[in-house]
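Q: I'd like a close look at the charged side chains here and who they pair up with. Start with the salt bridges, then take me out into the packing around them.

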Amino acid sequence: MRLSRRGLLIGAGAAGGLLVAWALTPRWFDPPLAAGEGEVTFDAWLKIGRDGVITVAVPDLEMGQGITTLIPQIVATELGADWRQVAVEPAPVSGAYGNVPLAAQWRELWMPLLPDLAEAPDALLARRFAEREAFVVTAEGSSLAAHEAGARAAAASARAMLAMAAADRWNVAWEECEAQGGFIIHDRQRARFADLVEDAAGYDPPDPPALRPQAAAERAVDQPEGVRPAFPRLDLPAKVDGSATFAGDVRLPGLVFAAIRHGPQGETRLGAYEPKNAAPVKGLVKLVEGAGWVAAVAQDWWSAERALTLISPRFAAQHEPDSTGIDRLLDEGLRYGDGHGIASSGEPDEMLRGKFELARLYRVAPAQAAPLETASATARLTDGKVELWVASQAPQATRRAVAQALDIALADVVLYPMPAGGSFDARLDTPHAVEAALIAREVGKPVQLTWSRWQEAVAGLPRTPLRAALAARTAPDGSLTGLKVRVAMPATAQEFGARLFAGQTAQDARERQDQADPLAMAGMVPPYAIPHLLVEHVPVAIPLSTGRQRGNSAALGCFLIETFVDELAARSGREPLSYRMAMLGQDIRLANCLQRAATLAEWGGGRGGAGQGLACHRMALGDREGRIALVASARRDEGGIRVDKLTAVLDIGRIVNLDIARQQVEGGLLFGLALARGAGTPYAAGLPQSGRLAALALPQLADCPEIEVDFIEGDAPPFDPGELGVAAAAPAIANALFSAGGTRLHTLPLTGE
């Protein structure tokens with residue numbers, strides 16, 4: 001075995017395998033993957049065994065978006081693997097997988113907390129942070145941007161090393177060898193990866209790695225006969241047959257089960273309860289008190305839940321939020337608060353004052369993420385260390401929160417990543433992991449904590465409410481010459497950042513609500529070339545903690561902008577599609593989306609009675625951009641809002657997996673439909689008034705429309721489409737309802753007008 005030029009052949013792993021780590025120096029972290037018996041680990045991304053199995057490490061949370069297929073597909077195509085021999089394992093939390101693009105996007109949230117990084121060169125700042133802090137976060141559709149290049153480079157290097165091992169055997173040039181279907185091939189000579197892998201570990205890979213052309217890479221992967229090259233999802237079989245293991249499925253020796261009651265939102269503390277009433281409950285282990293909660297631990301979850309009902313815990317709370325008070329604070333902020341400019345163009349001070357041709361007020365209610373799987377975590381304490389089985393979009397932040405709560409070292413918190421049964425950004429916050437660890441410490445046994453659906457609603461953090469005013473200056477022909485967007489809402493991104501990066505409680509993080517928040521307003525900037533524009537945020541502190549939700553500011557901003565633009569078009573007697581096209585400036589990609597969507601949907605001009613509505617949006621992550629145009633066909637009937645068809649066209653650059661991209665768009669459109677129809681959550685005395693799924697007016701199967709999704713091919717870097725559909729759905733539906741003969745709707749959900 002030889003010392004490579006760029007890195008190091010580390011040698012025997014704990015189980016007798018080999019670890020090749022040429023890309024990990026210099027580093028803030030140890031090599032993350034351990035080589036098992038008969039395996040060679042290449043960099044941080046893949047292992048190849050003597051049995052031919054290629055195991056790919058996936059650092060991001062699988063929550064339905066298909067990342068446990070996308071990253072293995074990237075590795076398999078670059079490597080030339082047999083898809084039938086590709087396996088997946090969750091990657092440990094490590095700086096090797098630092099999400100640099102997302103760190104750059106969220107820089108203003110963490111930068112004030114880490115002044116020691118200020119001396120790093122600006123171009124390296126996000127990378128330094130992501131690697132040093134093990135910033136492995138699944139959010140903002142950033143997985144491909146964060147990991148595709150690293151995974152491809154590791155696979156390309158492994159392929160070259162395998163080719164070198166085979167070439168030495170055959171006395172040929174390694175560059176003349178090809179990798180396909182799990183074999184290295186030269187003319188009629190073939191050698192399995194499995195037979196070459198241990199020899200391959202001793203070679204130096206080329207620097208930089210020689211990447212395949214994309215089309216050639218996909219042709220190099222063998223798949224089952226009759227399966228088109230769409231790479232069937234690796235996680236689906238286990239989910240279909242029920243063998244997939246989620247956090248609530250974990251079973252350990254001596255495991256006990258916990259149920260919990262949280263106090264209302266606000267400044268809450270646990271008051272009195274009647275512990276003696278729980279005495280008849282068989283299998284009850286203990287009652288455990290926490291800050292603003294009480295839990296019951298029993299031999300089964302239902303007994304624990306029953307014990308909590310019997311003891312009737314009461315909570316004392318101050319500043320309990322209610323929707324009436326929140327509405328008043330937001331209204332006052334919109335009218336009298338100081339606005340902070342987020343985006344501007346032209347001469348807004350001169351052109352956007354005085355009388356406007358059209359002005360409208362908008363109201364958005366808090367809404368629940370409501371994932372199908374409620375929060376669940378399993379914790380075990382042994383010899384001063386804690387093990388956690390939990391689904392988390394931010395695993396390192398979860399480890400830190402648990403370490404802080406237990407007053408132990410971060411290194412003594414071991415997190416086993418579990419898949420999530422949905423999240424919609426709810427699992428960026430994981431207080432249930434802290435609660436499970438605290439309960440396990442008190443009872444001295446492994447504990448599995450599961451929140452009930454009601455507790456998911458009580459303790460989960462809703463999407464921020466807001467008030468907005470949009471005002472327009474128009475030319476004599478109705479063209480938009482000036483637009484002012486004024487939004488009153490808490491600094492919800494700053495509030496989230498305080499929880500994620502500073503480890504603050506939800507209550508303490510609310511102190512950030514009165515700050516200007518460009519990240520929370522990012523989706524409010526229109527995609528149009530408007531001569532005079534002003535977008536301003538009026539930060540308002542409210543007694544309700546707020547959280548993230550799929551779509552985030554894009555879902556809020558697209559609703560405001562696209563319904564207002566549609567109203568401007570109608571007011572001027574202009575057709576909505578051509579009205580938008582005239583404002584797109586140089587955005588040819590979005591124009592193409594609009595035109596193709598109109599063609600596929602047989603757009604009728606949005607005339608009265610047609611029931612067709614249009615919306616479009618553009619999102620960005622660093623230098624990557626995604627676009628969507630959506631035509632909705634909708635109406636009202638005796639059952640409420642009825643959406644008959646959604647036709648979407650997207651430009652998301654190069655598409656890695658067409659099936660998964662389409663699934664993401666379809667899921668996003670249905671999530672956006674849910675936000676349009678319901679999911680709104682009024683509050684009274686600090687408690688949500690919609691605590692069950694049935695109360696959220698979510699679409700059932702019979703309510704789901706026909707969905708048609710098309711993509712415009714491109715070679716730009718791939719953009720994740722998962723949130724684009726969420727953003728466009730509600731405004732397109734609102735515009736369709738107006739076209740069907742309804743009134744203009746200025747509230748979200750649309751039922752709250």
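**Salt bridges and their surroundings**

A: Let's start with a cluster: Arg635, Asp637, Arg642, Asp644, Arg677 and Asp703 are joined to one another in a network of salt bridges. Keep in mind that this is a predicted model. Across the whole structure, a search turns up 50 salt bridges, so we'll pick out three pairs and look at each.

Take Arg169 and Asp199 to begin with. They form a salt bridge in which the closest N and O atoms are 3.1 Å apart. Arg169 belongs to helix α5 (residues 143-170) and Asp199 to helix α6 (residues 193-200), so this pair ties together parts that are 30 residues apart in sequence. What about solvent? Arg169 has 45% relative accessibility, so it counts as partly exposed. Asp199 is partly exposed too, with a relative accessible area of 43%.

Now for a pair inside one helix. The side chains of Glu495 and Arg499 meet in a salt bridge, at 3.9 Å from N to O. Both residues sit in helix α15 (residues 492-502), and because they are 4 residues apart there, about one helical turn separates them. That spacing makes sense: an α-helix has 3.6 residues a turn, so residues three or four places apart point the same way. Glu495 has 0% relative accessibility and therefore counts as buried. Arg499 is buried as well, with a relative accessible area of 9%; the cut-off for buried is under 20%.

The third pair is Arg744 with Asp566, whose side chains meet in a salt bridge of 3.4 Å, N to O. Here the link joins distant parts of the chain: Arg744 is in the loop between α21 (724-739) and β30 (747-748), while Asp566 is in helix α17 (residues 552-571), 178 residues away. Arg744 and Asp566 are both buried.

With those pairs in mind, go back to the helices that carry them. Helix α5, home of Arg169, also packs against helix α1 (residues 67-79), at an angle of about 35° and with the axes 7 Å apart. The crossing of α1 and α5 is right-handed. From the α1 side, Ile67, Ile71, Ile74, Val75, Glu78 and Leu79 make the contact, and the α5 residues they meet include Leu144, His147, Ala151, Ala155 and Leu162. By class, the residues of this contact are 11 nonpolar, 2 polar and 4 charged.

Helix α15, which holds the Glu495 and Arg499 pair, has a neighbour in α4. The buried residues of α4 pack against α15, as well as α2 (100-105) and α3 (107-110). In helix α4 (residues 122-132), those buried residues are Leu125, Ala126, Phe129, Ala130 and Glu131. After α4 comes Ala134, which has a positive phi, near 50°.

As for α17, the helix of Asp566, the loop between β23 (532-539) and α17 contains Gln549. Gln549 is buried, its relative accessible area being 2%. Leaving out residues up to four places away in sequence, Gln549 touches Ala367, Gln368, Ala369, Phe424, Asp425, Arg463, Phe671 and Leu675.

So much for the charges; what about the nonpolar side? In soluble globular proteins, nonpolar side chains tend to be buried together. In this model, the largest nonpolar core has 107 residues, and those with the most contacts inside it are Trp106, Trp110, Val487, Met524, Leu650, Ile733 and Leu750. A second core, separate from that one, has 52 residues, Val40, Val75, Trp170 and Phe193 among them. You've already met Val75: this residue is one of those in α1 that meet α5. Back in the largest core, Val487 touches charged residues too: its contacts beyond four places in sequence include Arg467 and Glu536, along with Leu466, Met521, Met524, Val538 and Leu560.

One last helix pair is worth a look for the charge in its contact. Helix α12 (residues 395-406) and helix α13 (residues 431-443) pack at an angle of about 35°, with axes 9 Å apart, and α12 passes α13 in a right-handed crossing. Thr398, Ala401, Val402, Ala405 and Leu406 of α12 meet Ala433, Val434, Ala437, Leu438 and Arg441 of α13. That contact has 8 nonpolar, 1 polar and 1 charged residues.

Finally, for a charged residue out in solvent, go to Asp623, in the loop between β24 (612-621) and β25 (624-637). Asp623 has 67% relative accessibility, so it counts as exposed. Its C-alpha atom is 41 Å from that of Gly640, 17 residues apart along the chain.

Conventions
Residues numbered from 1 in each chain as written. Predicted model: local features only at pLDDT ≥ 70, side-chain atom pairs only at ≥ 80, totals over all residues. Heavy atoms only, no water. Core = buried A, V, L, I, M, F, W, Y, C linked by side-chain atoms within 4.5 Å. Buried < 20%, exposed > 50% of the residue type's maximum accessible area, 1.4 Å probe, protein only. Contact = heavy atoms within 4.5 Å. Salt bridge = Lys/Arg side-chain N within 4 Å of Asp/Glu carboxyl O. Helix = DSSP H or I, 4+ residues; strand = E, 2+ residues; numbered from the N terminus. Axes fitted to C-alpha atoms, helices over the stretch in contact; angles between N-to-C directions. Left-handed = near helix turned anticlockwise from the far one by under 90°. Nonpolar A, V, L, I, M, F, W, Y, C, P; charged D, E, K, R; others polar.
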